[in-house]
Amino acid sequence: MAVHLSLAGNAVGDGFLIAPLGSTYPAELLLWTDAGTLAVTLQASPNVAGLVFSQTSLTLSTTPSSVMVHATLQSGARGDTVIEVLDGAAVVASFAVTSLNSPVVHFRGRFEARFATDNAAYNRNPVYTATNDAVVPPGWTWALEGEPDFVPPVGNVPENLETPVGRVVRFNGPVALRSHAQPVTTAVDAVVGTTAAGPERFTRGDPLIGEPVDLGPDTYLAGNNPQHPADPQPEEIWGAALEPMALFELHLGSRLSGRSSLGPFVAKATTINQHTRTPDDRPIANGLVGASLDLAGIGLPDLATWSATRIDQLLADYTALPAVDTVQRRNLRRRIGHLLSSVTAAKRSAVQTAHPGEFTVRAGTLPGGWSGKEVYDGKVNADLTFTPNGSAVVQYLSGHSSLNFQWTPFAFHSDELQGHHWGLLGAGSLLHGAYTGDPHTTTVDGTRYDFQSVGEFTLLRGDGLEVQVRQTPVNAANPVTDGHSGLTVCVSIITAVALRVGRHTVSYQPTREGRRLQLFVDGKPRDLPSHGLDLERHRLTVFDADGEEGLRVDYTTGAVVTVTPAFWGSYSVWYLNVAVSGTAAHEGVMGYLPEKSWLPRLHDGTDVGPMPSDLHDRYKLLYRTFADSWRVGDQSSMFVYEPGTSTDTFTDRDWPGERPPCDTIRPELAPPGLHQLDGMDLEKAEMVCRVVTEPDLHANCVFDVATTGDEEFARGYVTAQELRIYGTKVEIAGFEAPVFGDRMPRDVPPEEARPPAGALAVTARVSALAAGRPVPTGSVTLVVDEVPLRRPLELDDGGRVRTVLRLKPGRHVIRAVFSGGGKFEYHSSTSPNLRHTVKERAGERPPGKEERPGKERPAAAPADEP
């Protein structure tokens, strides 16, 4: 008798579950026999993911039995947890499981896009008829005789963004599928999530996989350019490869749907590439970039080879028809004529020689449309509906009010008006947290509570990031009550911070005498890097913090960690504030709170549940169970210790006591200026902190000033507020440069159509660290191999810059530096590093010295820079 298992429809034995965030995400486990009945028990061994079953004892038969199972922890690696079915002590069946954080939905397939192209008016119908055999140029796309129009004859000018105008992009159900074109279908093909070891991809294991993916019935690419002089002005006008997806909707089968937030009409655009609505979260393209890897990934050849194959197919059809003038024969003749522009000269000559006078060479497809790709980024954050119906992935996404959408079309050809594409959909709610003063926690989901334990703790981990803190006791006579827990306990301060940055560790901690803070990298002391420090692709920089030197780490994931020091004069001790922005990390003291829980999960994934009604029980749970769960051990600590010391040296498990007094500080933990702090009246503390207007920072300021009686704490909160309001981050990406930078066909033989040597398309985007803040203005300077580009690049109204660099062969490190200032007086910031290698190309001149690294010129120049 054999026992069979299936997890969420996957019977292969390599399944996945979703690690908990706000809640757990159960999946259905089915078990059955191939004959007869069998009493079994369930267990997970090993159980790294902390699986929990709805039942563990059951009797199996040939009819599947259902058990719900969920994970409580992220996996360390793929397949590190195994579900076992036991008959007594014997394992009769097993199933490997991986618990993933931050699942992202992947989809791919083919799409249809029927629209006029440059230099034809955007709302033109270039449709062949029995009497019109010359519909292009201008433009390079066309409809065949008998096919529907691209746009309706009237109402085809989008004078507002709510108007359907034709030009529909379809992911399924094409309206005019031409002969030899593959079907237009798009479906979810994978779910990708992260283990502690990195990302893992699963192509089965959730019912969402295989569901069709569709846009809205009227979604179109809203370039709206060039215009016909007689037409009214559309609301928006965009340059080639920079347009948004208008009337955007997204549907994943019947399980998920939504659209992008779009503000009300105010006025039409007065310039090209101008957003007319606020907000405008529609997906928008970031320029045309090379797609060689995408083409190779699905086995597509170069444009000339593909076009030659299609000509052979169409010629076979053409020669099989009677030699009379019919619609079918006319359309084949037109298609072959267009394709002749995209093949080699030898192929073109051979076809015309074999069929003299039959095929006129017509406008070819845009080479860059085949060899290039556009990347559209936007949000699905309006009218969201979720129907999980057994999908743990959809259940996870339903906990977010905003989803990130990315669409990448490539290999588009005018012979089909179709292309290939892939895309992503993931949780768009990047998390932010803060840890300030007498440690006040703002968790990554926005919950505020105080955590006054003494020792070293994991503040936050996950998403390739880990932050540890060291906390030191403070003798306060009249501590203020924590509004979240209701506890009135003695307080502590943060005196050291350690970070994991890729394979490196960074700590900022007091020297032995405590007079200054010392930076350590990988356990060795370093001077503070005034010009920054590269840690693999991550970037560590120093910033001014009211006269002190703060640390900032920009991770390649987009997360930013800042450590802001302040010297507490009356106590003669340094204390630190920590802020984390734009992360998916959610475990630790600053972690995400499960539904109906009053604290983040414990280290082992346990949900502590609702807050106890008894204050004593709250104290024990917070300052014994929870604190001990997140304490750092000698093996996991990232701090640097003097000989004879360890994490135990800085630990007092009895602090804080359940109630004051607070005069029991152990001598070895006492700050240099230890004395009793008498506190301050709350009303006076409110006055001192009135300049701190951010609600959570203001409340924390009042707490600290009232508890310590020291107005110095208010200065730290003013700095923290400024960093929050005016902080920025820079993201950078590089792609193979496109064959051509616009959508105009060029008179270049297809076999010679390739990017110039060393060409790299670079995009950078500057955004505010705080959600809801305006898009920064100003400029970005690219730095290549430590040499800045001569000319700063102005940000567009989306906070982006784009350029093409030409680099000499070799390895290069590129970053983008935001100058700060602008309309909203934002702080400057620097991107993580972009690493790029240029290979030698036989027979082609490398960039001239004005385009490549050198002392007399910038490290690289935009391709259009003189």
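# Exercises on packing, pairing and backbone geometry

Helices H9 and H10 are roughly antiparallel to each other. The model examined in these exercises is predicted.

## Exercise 1

Explain the relative direction of H9 and H10, then state the hand of their crossing and the residues that meet.

Solution.
1. Helix H9 covers residues 695-708 and helix H10 covers residues 712-726; their axes come within 9 Å and cross at roughly 165 degrees.
2. Angles over 145 degrees count as roughly antiparallel, and H9 and H10 are therefore assigned to that class.
3. The crossing in which H9 passes H10 is right-handed.
4. On the side of H9, the residues are Asp696, Leu697, Asn700, Cys701, Asp704, Val705 and Thr708. In H10 they meet Phe713, Ala714, Tyr717, Ala720, Gln721 and Arg724.
5. Sorted by class, this contact of H9 with H10 has 7 nonpolar, 3 polar and 3 charged residues.

## Exercise 2

Determine how helix H2 is oriented against helix H3, and describe the composition of their contact.

Solution.
1. Helix H2 (residues 303-320) packs on helix H3 (residues 327-340) at an angle of about 160 degrees, and the axes are 10 Å apart.
2. With the limit for this class at over 145 degrees, H2 is roughly antiparallel to H3.
3. The hand of the H2 and H3 crossing is left-handed.
4. H2 contributes Trp306, Ser307, Arg310, Ile311, Leu314, Leu315, Asp317 and Tyr318 to the contact. Their counterparts in H3 are Arg329, Leu332, Arg333, Arg335, Ile336, Leu339 and Leu340.
5. The contact of H2 with H3 divides into 9 nonpolar, 1 polar and 5 charged residues.

## Exercise 3

Which strands stand at the edges of the open sheet of 4 strands, and which residue in S7 is the bridge partner of alanine 27?

Solution.
1. The order of the 4 strands is S1-S3-S7-S5, with antiparallel pairing.
2. Strand S1 (3-7) and strand S5 (52-53) are the edge strands, since each pairs on one side only.
3. Strand S3 (residues 27-33) and strand S7 (residues 65-70) run antiparallel and are joined by 5 bridges.
4. Valine 69 is the partner in S7 of alanine 27.

## Exercise 4

For the open sheet of 8 strands, explain why one side of S25 and of S32 is left without a neighbour, and state which residue leucine 535 stands opposite.

Solution.
1. The strand order is S25-S24-S23-S36-S35-S34-S33-S32, and the pairing is antiparallel.
2. Strand S25 (448-450) and strand S32 (533-535) are at the edges and each has a single partner strand, so each keeps one side without a neighbour in the sheet.
3. Direction ignored, neighbouring strands of this sheet are turned against each other by 20 degrees on average.
4. S32 is joined by 3 bridges to strand S33 (residues 538-545), and these two strands run antiparallel.
5. Leucine 535 stands opposite histidine 538 in S33.

## Exercise 5

Classify the aromatic pair of phenylalanine 111 and tryptophan 407, and explain which parts of the chain it ties together.

Solution.
1. The count of aromatic pairs comes to 25 where ring centres within 6.5 Å are required.
2. For phenylalanine 111 and tryptophan 407, the ring centres are 5.4 Å apart and the planes stand at 80 degrees, so the pair is edge-to-face; the limit for that class is over 60 degrees.
3. Phenylalanine 111 belongs to strand S9 (residues 90-113) and tryptophan 407 to strand S21 (residues 403-413), so the pair ties together parts 296 residues apart in sequence.

## Exercise 6

Locate proline 138, proline 656 and histidine 180, and describe the backbone geometry at each place.

Solution.
1. Proline 137 and proline 138 are joined by a cis peptide bond, with omega about 0 degrees. Proline 138 is in the loop between S9 and strand S10 (169-170).
2. The bond from tryptophan 655 to proline 656 is also cis, omega being near 0 degrees. The loop between helix H7 (615-629) and helix H8 (682-688) holds proline 656.
3. Histidine 180 is not a glycine, yet has a positive phi of about 75 degrees. Histidine 180 is placed in the loop between S10 and strand S11 (186-195).

Notes
Residues numbered from 1 in each chain as written. Predicted model: local features only at pLDDT ≥ 70, side-chain atom pairs only at ≥ 80, totals over all residues. Heavy atoms only, no water. Axes fitted to C-alpha atoms, helices over the stretch in contact; angles between N-to-C directions. Parallel < 35°, antiparallel > 145°, perpendicular 65-115°, else oblique. Left-handed = near helix turned anticlockwise from the far one by under 90°. Contact = heavy atoms within 4.5 Å. Nonpolar A, V, L, I, M, F, W, Y, C, P; charged D, E, K, R; others polar. Pairing = 2+ DSSP bridges. Phe/Tyr/Trp six-rings, centres within 6.5 Å; stacked < 30°, edge-to-face > 60°.
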